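Please take me on a guided tour of this structure, which I have open in a viewer. Tell me what to select at each stop, and what I will find there.

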Amino acid sequence: TPSIVWFRQDLRLADQPALAAAAHDGPVVGVYVLDDDAPGAWKIGGAQRWWLHHSLTALAADLKKHGVPLILRRGDAVAEIGKLAKEVGAETVHAVHHYEPWWKVAEDALGKALTLKLHGGMLLDDPDSIRTGSGGRYRMFTAFWKALRERMPPPEPIAAPRNLSGPSGKIASDDLADWKLLPTTPDWSPGFADWKPGEAGAHAALKAFVPKVGAYDTARNLPSEEGTSRLSPHLHHGEVSPAAVWHAVAKGKGDTEPYLREVGWRDFTSNVIDILPAYADANGRNAYDAMPWRTGKEADADFKAWTEGRTGYPLVDAGMRQLWTHGWMHNRVRMVAASFMIKHLLLDWRRGEAWYWDCLIDADYGNNSVNWQWVAGTGIDSNPFGRIMAPLTQSPKFDAADYIRTWVPELADLSDGAIHDPEEAGCRPADYPEKIIGHREARERALQAVKKVTARD
Ligand code: FAD
């Protein structure tokens with residue numbers, strides 16, 4: 001009898017332990033179930049649906065070469081996989097373990113209905129096995145990383161199984177086109193063409209980055225340069241395993257530690273959502289429940305201006321437009337733009353989390369929530385709220401002039417000296433907005449507001 005491989009955010013053939021184990025047992029049926037209900041507000045966002053469409057297309061083609069079908073079903077994963085198992089006469093389901101709360105619920109339920117064999121492969125190591133001296137879970141990245149680093153390197157990645165085969169006979173599957181994952185907004189997708197979703201694209205991006213890893217520590221802070229790996233959408237969809245990334249990068253020249261540490265952040269965020277499953281919705285520090293976030297019409301208008309890249313702060317606007325056009329934003333600018341929304345506009349971090357969720361091709365429950373709470377100061381490990389980033393200072397400090405020219409064409413003709421703060425330089429073009437709020441005024445307002453929290457913290 002065949003066994004089923006349940007694909008989720010592990011859309012690859014190489015170093016895919018669930019697929020390897022199933023191949024060992026006999027014929028394999030792959031399945032992907034699109035469930036837009038179980039994740040609630042965290043159903044797959046707009047930009048990511050585009051990625052998923054292409055990644056599933058690539059995975060189906062790669063599996064087909066080995067005679068393995070990728071069956072597409074829509075609805076409740078447990079019910080759909082139960083039905084499929086009956087149809088094909090399978091008893092065993094192999095899957096890579098995931099940490100999002102809705103996946104954990106589904107894994108528990110499926111494990112009761114069928115024989116579910118869960119495998120690692122999503123992270124460098126299982127966070128549940130990384131324990132403090134007294135046996136507890138880590139809540140701070142630095143200590144978590146120290147403990148994880150000692151357990152590294154991860155096992156060498158394994159190649160795609162050679163002994164793959166599929167069952168005989170036809171199995172019903174949805175047609176991917178009917179899922180309508182591709183965007184219909186006419187002006188939405190031009191910047192998306194640069195991305196290459198799928199396992200081959202992931203390995204190409206990794207190969208291109210390895211020679212750059214030694215320069216990463218400095219280059220990663222410069223939005224005008226391509227100093228980072230841009231592997232995040234590939235890692236989120238599991239098109240390459242973190243172990244494969246680790247071993248490829250560790251062979252690079254120069255200091256590889258700063259990069260490996262960032263990949264370690266990814267493990268840490270899964271550790272956080274594993275111990276605090278509601279982290280994308282609940283403040284890590286309860287005292288922040290008292291924070292007087294702005295609400296109402298004016299606040300909504302400010303939020304809209306932020307999403308559209310019309311705040312009058314060039315670095316923030318450049319980032320928000322890169323996000324919309326490209327589905328991705330440079331990490332430093334993600335921090336600056338998030339901080340601006342939370343502190344300068346005094347808006348609840350959850351609003352920004354939801355916007356990034358819908359716009360990012362790498363939107364990830366753990367990575368997004370942990371980083372938003374880190375910037376907001378509301379998290380279990382975070383940057384204090386009172387440390388307010390100054391976008392106008394960050395912009396020249398990290399040499400963002402060319403980045404701004406790329407994403408804010410109204411400012412393209414301004415000099416390096418003027419482009420970071422055209423209003424102050426007296427050369428703001430008429431088609432570029434005035435600052436939505438002055439930096440000093442915003443800072444004062446934010447520090448005043450947070451007093452409500454610190455009084456009880
Ligand atoms: P690189 O610098 O090349 O890093 C390599 C890999 O390490 C990344 O692909 C990613 O998997 C991991 N990584 C790097 N930085 C972080 C980090 N701070 N936290 C967790 N993992 C990290 N990343 C996401 O993958 N999904 C998100 O939804 C997401 N939301 C974010 C929201 C905010 C407010 C901020 C400040 C950061 C967010 N990040 C998120 C983290 C980070 O910005 C991206 O992972 C990174 O910019 C992706 O580009 P890269 O692959 O070139 O990164």
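**First stop: around the ligand**

Select helix 8 (232-236), helix 10 (257-275), helix 13 (331-344) and helix 15 (365-376), each of which supplies at least two residues of the shell around the ligand. Helices here are DSSP runs of H or I with at least four residues, strands are runs of E with at least two, and both are numbered from the N terminus. Before going further, note that this is a predicted model, in which local features need pLDDT of at least 70 and side-chain atom pairs count only at pLDDT 80 or more, while totals for chains, interfaces and linings use all residues. Residues are numbered from 1 along each chain as its sequence is written.

Now show the whole shell: 27 residues surround the ligand, and the closest are Thr228, Ser229, Ser232, Asn368 and Asn371. A residue is counted as near a molecule if its C-beta atom, placed from the backbone, lies within 6 Å of it. Coloured by class, the shell has 11 nonpolar, nine polar and seven charged residues, where Ala, Val, Leu, Ile, Met, Phe, Trp, Tyr, Cys and Pro count as nonpolar, Asp, Glu, Lys and Arg as charged, and the others, Gly among them, as polar.

**Second stop: the domains**

Next, give one colour each to domain 1 (3-122), domain 2 (125-154 + 199-275) and domain 3 (286-454), whose bounds come from an automatic or database domain assignment. Because domain 2 and domain 3 both give residues to the shell around the ligand, the ligand shell lies between them.

Turn then to domain 1 and domain 2, whose centres, taken over C-alpha atoms, are separated by 24 Å. Their contact takes 16 residues from domain 1 and 15 residues from domain 2, with two residues in contact if their C-beta atoms, placed from the backbone, lie within 7 Å. On the side of domain 1 that touches domain 2, the residues divide into seven nonpolar, four polar and five charged.

**Third stop: the nonpolar core**

Which residues touch the most other members of the largest nonpolar core? Select Ile4, Val31, Ile81 and Ile404, which do so among its 117 residues. The largest share of this core, eight residues, comes from helix 2 (residues 46-64). Such a core is a set of buried Ala, Val, Leu, Ile, Met, Phe, Trp, Tyr and Cys residues joined through C-beta atoms within 7 Å; a residue is buried if 20 or more other C-beta atoms lie within 10 Å of its own, exposed if 12 or fewer, and partly exposed in between, with C-beta atoms placed from the backbone.

Stay with Ile81 and, leaving aside its neighbours within four places in sequence, find its contacts with Ile4, Trp6, Val31, Val33, Val93 and Leu110.

**Last stop: unusual backbone angles**

Most residues other than glycine have a negative phi, and most peptide bonds are trans. Select Asp15, in the loop between strand 1 (3-7) and helix 1 (17-25), which has a positive phi of about 50° although it is not a glycine. Asp15 is buried, with 23 other C-beta atoms within 10 Å.

Move on to Leu346, in the loop between helix 13 and helix 14 (349-359), where phi is near 55°. With 21 C-beta neighbours inside 10 Å, Leu346 counts as buried.

Finally, select Met152 and Pro153, which are joined by a cis peptide bond with omega about 5°. Met152 is in the loop between helix 5 (141-151) and helix 6 (199-209), and Met152 is partly exposed, with 13 other C-beta atoms within 10 Å.
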